[in-house]
Amino acid sequence: MQTAVKTGTSNDHRDAWAVGFSHRYTVGVWMGNLDRKPTCGITGTTGPGLILRAVFSELNRFQEACPLYLSPRLAVVKICRETGLRATEHCPTMEEKFAPGSIPGPFCTVHGSHEGTAGSTAPGTCLRQEDKRQFDRGKRL
């Protein structure tokens, strides 16, 4: 069954959470002590994440699971696994999907250079003023 999941843990391990969704359900799991005492190292992955997986398994036990809907408008881009920037041909990569207009511009400079492409920011070049304004407003380029 296909799900999208995000986990989290407070810096002081006072609580942890996991939230996920499938084609049909949205589920959230929180773990912590109501008196705010530390949870002995429980993280979002080792605590709530496991419960979340069990909940989704039970919810879908007697139903056909469907894949998550992916908009055909999403752009698939190779991202460097180490830097999180757009990958060059020398980077260890993973594929990420981006909404139109939100594809990151800077390429990784750790693993070598790349041939510049139209509309992207090549290593060592400056962002355009408009790109800087969008970046400052929290938009990914």
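A residue is taken as buried under 20% relative accessible area, as exposed over 50%, and as partly exposed in between. By this scale Asp-12, with a relative accessible area of 37%, is partly exposed, because its value lies between the two limits. The model described here is a predicted one, and the same scale is applied to the other residues discussed below.

The protein contains two helices and five strands, which follow one another along the sequence in the pattern β-β-β-α-β-β-α. Of its 141 residues, 24% are buried. The accessible surface comes to about 9800 Å², and carbon and sulfur atoms account for 54% of this area. Among contacts with a separation of 6 or more, 42% join residues that lie 24 or more positions apart.

The largest nonpolar core is made up of five residues, namely Ala-18, Val-27, Val-29, Leu-52 and Phe-56. At least two residues of this core come from strand E3 and at least two from helix H1, elements that span residues 26–32 and 48–59, respectively. In soluble globular proteins, nonpolar side chains tend to be buried together. Within the core, Leu-52 has contacts beyond its neighbours in sequence: when residues within four places are left aside, Leu-52 is in contact with Val-5, Ala-18, Val-19, Gly-20, Val-27 and Val-29. Helix H1 also carries Val-55, which counts as partly exposed because its relative accessibility is 28%, a value between the limits of 20% and 50%. The C-alpha atom of Val-55 is separated by 9.5 Å from that of Val-29, a residue 26 positions away along the chain.

Nonpolar side chains are also found at the surface, where Trp-17, Val-19, Trp-30 and Leu-34 form a patch with about 450 Å² of accessible area together. One member of this patch, Trp-30, is placed in strand E3 and is partly exposed, with a relative accessible area of 44%. Val-19, another member of the patch, is among the residues in contact with the core residue Leu-52.

The loop between E3 and H1 holds several residues with distinct local features. Thr-39, which is found in this loop, counts as buried because its relative accessibility of 10% falls under the 20% limit. The side chain of Thr-39 reaches the backbone oxygen of His-13 at 2.7 Å. Apart from residues up to four places away in sequence, Thr-39 touches His-13, Arg-14, Asp-15, Gly-32 and Asn-33.

Two further residues of the loop are notable for their backbone angles. Most residues other than glycine have a negative phi. Arg-36, placed in the loop between E3 and H1, is not a glycine and yet has a positive phi of about 70 degrees. A positive phi, of about 60 degrees, is likewise found for Cys-40, which is not a glycine either and which lies in the loop between E3 and H1. Arg-36 counts as exposed, because its relative accessibility of 56% is over the 50% limit. Cys-40 is also exposed, with a relative accessible area of 79%, whereas Thr-39 is buried at 10%.

A search of the whole structure finds three salt bridges. In one of them, the side chains of Arg-14 and Asp-12 meet at 2.7 Å, N to O. Arg-14, which is among the residues touched by Thr-39, is partly exposed with a relative accessible area of 26%, and Asp-12 is partly exposed at 37%. Another salt bridge joins the side chains of Lys-37 and Asp-35 at 3.7 Å, N to O. Here Lys-37 is exposed because its relative accessible area of 51% is over the 50% limit, while Asp-35, with a relative accessible area of 49%, is partly exposed. The remaining bridge is formed by the side chains of Glu-58 and Arg-61, with an N to O distance of 2.5 Å, and Glu-58 is partly exposed at a relative accessible area of 45%.

Methods. Residues are numbered from 1 along each chain as its sequence is written. This is a predicted model: local features need pLDDT of at least 70, side-chain atom pairs count only at pLDDT 80 or more; totals for chains, interfaces and linings use all residues. Side-chain values use heavy atoms; hydrogens and water are left out. Patches are made of residues with over 30% relative accessible area and no salt bridge: like charges are joined within 9 Å, nonpolar side chains (Val, Leu, Ile, Met, Phe, Trp, Tyr) within 5 Å. Accessible areas come from the Shrake-Rupley method with a 1.4 Å probe; for residues, only the protein chains shown count as cover. A salt bridge is a side-chain nitrogen of Lys or Arg within 4 Å of a carboxyl oxygen of Asp or Glu. Helices (H or I, at least four residues) and strands (E, at least two) are DSSP runs, numbered from the N terminus. Buried means under 20% relative accessible area, exposed over 50%, partly exposed in between (1.4 Å probe, protein chains only). A polar contact is a pair of N or O atoms within 3.5 Å; within protein, one must be able to donate a hydrogen and the other to accept it, and residues adjacent in sequence count only if both atoms are side-chain atoms. Contact means heavy atoms within 4.5 Å. A nonpolar core is a set of buried Ala, Val, Leu, Ile, Met, Phe, Trp, Tyr and Cys residues joined through side-chain atoms within 4.5 Å.
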